[in-house]
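Subject: Structure handover and findings

Hello,

Here is the structure you asked for. My notes follow below it.

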Amino acid sequence: MSELATSAPATASAMRFRRAGLGEAQVAGALIAVVCLVLILIIALPLWTLLSKSVQNVDGQFVGLANFAAYARSPTLVASLVNSVMVAGLATAIVIPLAFVYAYALTRSRMPLKGLFAAAALLPIFAPSLMAALALIYVFGNQGILKSWMMGASLYGPIGIVVAEALYSFPHALLILTTALSLSDGRLREAADALGTTRRRIFWSITLPGARYGLVSAAFVVFTLVITDFGVPKVIGGQFDVLATDAYRQVVGQQNFPMGAVVGLVLLIPAVAAFFVDRRAQKRQTALLSARATPYFPKRDRQRDWSLFAFVALVGTAIVATYGVAVWGSFVRYWPYNLSLTLNNYDFASVEPTGWEGYVNSLKLAGLTAVIGTAFVFVGAYLIEKLTVFPRLRGFAHFLAMLPMAVPGLVLGLGYVFFFNASWNPLNVLYGTLVVMVINTVAHYYTVAHITALTSLKQIDREFEAVSASLKVPFWRTFSRVTAPICMPAILDIAVYLFVNAMTTVSAVIFLYGSSTKLASIAIVHMDEAGAVASAAAMGTVIMATAIGVKLLHVALNALVFGRLQRWRVR
Amino acid sequence: MKTWILAGAAAILALTAPGAAFADKTKVTIYTALENDQLGPFKQSIEAAVPDAEVAWVRDSTGVITARFLAEKDNPRADMVVGLAASSLLMFEKAGMLEAYKPAGVDQLKEIFRDPKEPYAWTGMDAFLGAICFNTAEAGGAAAPASWKDLLKPEFKGKIVMPHPASSGTGYLMVAGWLQSMGEEEGWRFMDGLHDNIAAYLHSGSAPCVQAARGERVIGLALDMRGAAEKTKGAPIEVILPKEGVGWEMEASAIVKGTKNLDVTKKIADWVATKDANALFSKTYAIVAYPGVANIPANYPAGAEQAMIKNDLSWMADNRERVLAEWSKRYESKAAPKK
């Protein structure tokens with residue numbers, strides 16, 4: 001909401017010019033109200049239903065905190081809580097230092113092949129989380145190619161979960177830390193160098209403190225990601241129960257909705273905490289950079305550059321190789337007894353009734369989410385950022401748009417089950433359809449898309465709106481003629497972000513699919529459950545190839561088309 | 001001229017009419033716990049036999065489907081149940097959730113596959129057993145188990161997987177089989193010992209055998225047919241029916257009370273009792289309801305029908321909740337990491 005406050009001075013001058021009449025203001029008010037209503041419907045109400053469900057018994061009567069008491073008394077569920085916190089804590093402790101050094105190498109060294117290794121580390125983003133677990137089974141499972149490295153320990157359980165989650169969450173931490181490290185004031189380093197400060201001292205007194213908010217933010221993001229992830233523990237957890245699998249078992253396995261709601265709310269705690277810590281951290285981080293800050297350009301240093309290169313090469317290769325083994329495994333006829341290659345595992349119909357249909361459904365979901373979601377998010381962000389009327393309503397809309405950041409997919413999915421499957425809800429006809437999954441996926445990834453749109457809108461001078469208003473051009477014409485074309489790269493970013501996430505998500509939609517709308521990512525869960533690991537890996541490979549293909553297309557489009565059109569931005 | 005055109009139009013209409021009728025098929029939602037790879041062929045056969053039906057499967061493991069069906073008691077979303085454990089259907093029958101209907105031709109089926117009580121509500125399809133899949137390549141010289149008690153040997157510690165009885169029908173039939181054939185006290189004592197050797201309880205009836213077949217585990221307690229199928233694909237396993245006899249369960253079908261598509265579901269219920277349908281079942285199950293229909297698959301263990309213990313399905317239905325609660329109390333609360 002801080003961005004709204006900064007817009008206040010501009011508001012007054014714009015208002016003076018706003019003579020277009022009541023008509024335009026009314027249209028604006030109605031549009032903002034529609035955005036608010038839609039956000040309430042797709043985010044606030046499902047969460048509210050989840051909350052109210054947790055204080056009811058199975059028959060829907062109010063029982064206060066009885067479910068929470070029952071939860072605290074059940075040793076299995078409490079054990080899962082302890083397990084979840086332990087696994088998430090360990091994964092965070094492993095990922096953050098590794099990602100920090102990796103990000104350090106990418107931003108503060110002159111090592112070669114930076115672009116290649118930056119791309120390599122992002123690989124896990126393009127696959128469902130389960131793919132990491134499947135890959136580990138091929139590498140370290142009881143018939144894995146590096147089984148001996150396990151020294152007799154079993155992969156199935158906490159070890160497997162921690163390693164797979166670390167792989168899966170690595171790029172998320174890396175993206176945050178790269179941003180944090182590149183946002184530093186080069187003058188500090190230069191001053192330290194001039195004073196002959198030792199390198200160790202520079203690291204501890206300049207580099208690390210400068211990135212500390214990024215570190216806190218990354219740690220919370222990874223912790224939340226791991227504790228709410230469903231795919232990895234489902235595949236590789238063995239008898240090690242965690243909260244995410246408990247929620248699934250309570251709701252799908254035992255149809256015990258109130259207890260599922262309780263587990264969902266427990267999962268909400270770390271996510272909400274992360275949300276507030278992150279907001280505080282971001283405020284401080286921006287305050288650290290003054291207008292006179294200069295970017296830091298690392299000098300050549302053979303020893304540092306090559307040792308960082310060795311580290312990055314090791315980690316980057318490990319990530320790519322692990323996923324590579326899963327892709328290879330998907331072509332193997334009968335692991336480990338017959339390693340000849342075949343396409344049989346891609347004949348999904350032989351192990352899964354929906355066959356390739358799941359993939360088609362996933363494409364539909366991703367396409368619709370990208371188109372509808374991008375349009376709605378961008379128009380919404382425009383109304384919130386660029387209009388000057390109804391500041392309260394716009395503030396409220398912005399708050400609703402930021403809410404999904406604090407809600408893990410699994411929790412949102414549970415809320416949707418309770419809200420969209422309720423007998424009193426006239427929208428319950430949508431339950432099990434692709435429509436409800438599209439709505440859910442847009443809501444799930446709303447915040448990041450919203451922030452991307454806001455950031456790009458803020459770069460455009462408010463004068464455009466002011467001039468349009470003085471020329472009596474209504475805001476929608478300014479939007480379609482000026483704003484939207486200028487923001488095309490950001491709009492495309494949002495669309496690709498939504499597409500890739502819709503292809504790979506499992507945790508929310510696992511509760512929402514119907515008999516004819518099963519997705520590829522859910523088919524992976526079911527194929528793995530039936531023991532068809534190779535076909536599960538094959539479907540993961542197909543999803544990964546699609547997501548990477550779309551991303552490459554995006555990169556190419558940016559370079560070829562927008563590179564030229566946006567050249568005016570470069571001074 | 002005009003009449004000629006009219007006649008032509010009428011002829012075209014007459015020709016296309018049956019096509020139009022095919023186009024409006026009734027969508028029948030069927031809850032099932034059949035294995036994933038069976039659903040495609042089953043749908044094709046049902047739609048060929050009952051042309052006005054369009055089958056929409058809702059598939060999950062036995063425990064999940066049973067829980068879901070019971071939870072939807074007030075507002076059932078299924079029209080039929082096909083290929084779900086008879087012990088679950090007996091529970092539904094008791095809860096008054098099944099439509100009374102006796103399919104045509106039911107009397108030709110083997111007696112044990114018919115609902116013994118009036119009003120007639122469910123029809124058996126096939127029987128499946130709980131067998132041992134033993135990976136000979138990964139056993140490390142250990143002798144193949146011949147008796148259930150052999151599974152308690154220390155060399156199998158952490159090497160056995162079995163289906164979770166609360167989610168898998170195969171898992172429950174094994175637990176119920178041990179309790180019935182060994183007696184309750186002895187049965188629980190056996191499972192206490194077995195639990196010490198179990199690496200994981202999986203959520204499907206085939207996955208344990210698939211994992212054993214791939215050498216991921218040494219022993220998988222699983223659905224008999226899956227063992228035969230994996231061995232045929234080239235897995236180094238033996239499918240063993242222990243000498244004390246094995247627990248078994250039957251898959252059955254029934255119409256859900258309150259369905260809006262009663263006519264079509266009745267036709268599907270009739271199809272279940274036909275010889276053709278049973279020929280289809282026999283492709284994936286060794287023992288089916290129709291007498292004389294048999295298709296013993298390659299690598300299927302000999303003597304399966306003799307190995308079936310005396311099994312009381314209504315005992316399995318009546319005691320399901322109690323047994324599962326006891327099982328969960330004993331093995332789930334300490335099911336945390338076992339290495």
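Is B:Asn299 buried, partly exposed or exposed? It counts as partly exposed, because 13 to 19 neighbours is the middle range (20 or more other C-beta atoms within 10 Å, placed from the backbone, is buried; 12 or fewer is exposed), and B:Asn299 has 16 C-beta neighbours inside 10 Å.This is a predicted model, in which local features need pLDDT of at least 70, side-chain atom pairs count only at pLDDT 80 or more, and totals for chains, interfaces and linings use all residues. Residues are numbered from 1 along each chain as its sequence is written, while chains are lettered from A and ligands numbered from 1 in the order in which they are written.

**Backbone oddities**

Most residues other than glycine have a negative phi, and most peptide bonds are trans. Four places are worth a look on that score.

- B:Asn299 has a positive phi, near 65°. It sits in the loop between β10 (287-288) and α11 (304-307) of chain B. Helices (H or I, at least four residues) and strands (E, at least two) are DSSP runs, numbered from the N terminus.
- A:Leu113 also has a positive phi, near 60°. It lies in the loop between α5 and α6 of chain A. A:Leu113 is partly exposed, with 13 C-beta neighbours inside 10 Å.
- A:Trp335 and A:Pro336 are joined by a cis peptide bond, with omega about -5°. A:Pro336 is in the loop between β1 (332-334) and β2 (338-341) of chain A.
- B:Glu118 to B:Pro119 is a cis peptide bond, with omega near -10°. B:Pro119 is in the loop between α4 (86-94) and β4 (122-135) of chain B.

**Helix packing in chain A**

Two packed helices are described by the angle between their axes and the distance between the axes. Axes are lines fitted to C-alpha atoms, for helices over the stretch in contact, and angles run from 0 to 180 degrees between N-to-C directions. Contact means C-beta atoms, placed from the backbone, within 7 Å.

Start with α6 (residues 114-122) and α15 (residues 302-329) of chain A. They pack at about 40°, with axes 8 Å apart. That angle makes α6(A) oblique to α15(A) (under 35 degrees is roughly parallel, over 145 roughly antiparallel, 65 to 115 roughly perpendicular, the rest oblique). The crossing of α6(A) and α15(A) is left-handed (the near helix is turned anticlockwise from the far one by less than a right angle; clockwise is right-handed). A:Phe117, A:Ala120 and A:Ala121 of α6(A) touch A:Val312, A:Gly316, A:Ile319 and A:Val320 of α15(A). This contact has six nonpolar residues, one polar and no charged. Here Ala, Val, Leu, Ile, Met, Phe, Trp, Tyr, Cys and Pro count as nonpolar, Asp, Glu, Lys and Arg as charged, and the others, Gly among them, as polar.

Next, α5(A) and α11 (residues 212-228) of chain A. The angle is about 140° and the axes are 8 Å apart. These helices are therefore oblique to each other. Their crossing is right-handed. Residues from α5(A) include A:Val87, A:Ala91 and A:Val95, and those from α11(A) include A:Ala218, A:Val222 and A:Val226. The contact of α5(A) with α11(A) has 14 nonpolar residues, two polar and no charged.

Last, α16 (residues 357-386) of chain A and α20(A). They pack at about 50°, with axes 9 Å apart. That makes α16(A) oblique to α20(A). The crossing is right-handed. Among the residues in contact are A:Phe378 and A:Glu385 of α16(A) and A:His450 and A:Lys458 of α20(A). The classes are nine nonpolar, two polar and three charged.

**Two single helices**

α20 (residues 446-458) of chain A has 13 residues and reaches 18 Å between its end C-alpha atoms, close to the 18 Å expected. The expected span is 1.5 Å times one less than the number of residues. Its buried residues include A:Tyr446, A:Ala449 and A:His450.

In α18 (residues 409-420) of chain A, twelve of twelve residues are buried. Its end C-alpha atoms are 16 Å apart, which agrees with the 16 Å expected.

**Where the chains meet**

The contact takes 35 residues from chain A and 40 from chain B. On the chain A side, α5 (75-108), α13 (243-253) and α24 (520-529) each supply at least two residues. The largest share, three residues, comes from α5(A). By class, the chain A side has 15 nonpolar, 18 polar and two charged residues.

**Chain B overall**

Chain B has 13 helices and ten strands. Its C-alpha trace spans about 90 × 45 × 40 Å along the principal axes. Of its 339 residues, 50% are buried.

Best wishes

How values were computed
Two residues are in contact if their C-beta atoms, placed from the backbone, lie within 7 Å.
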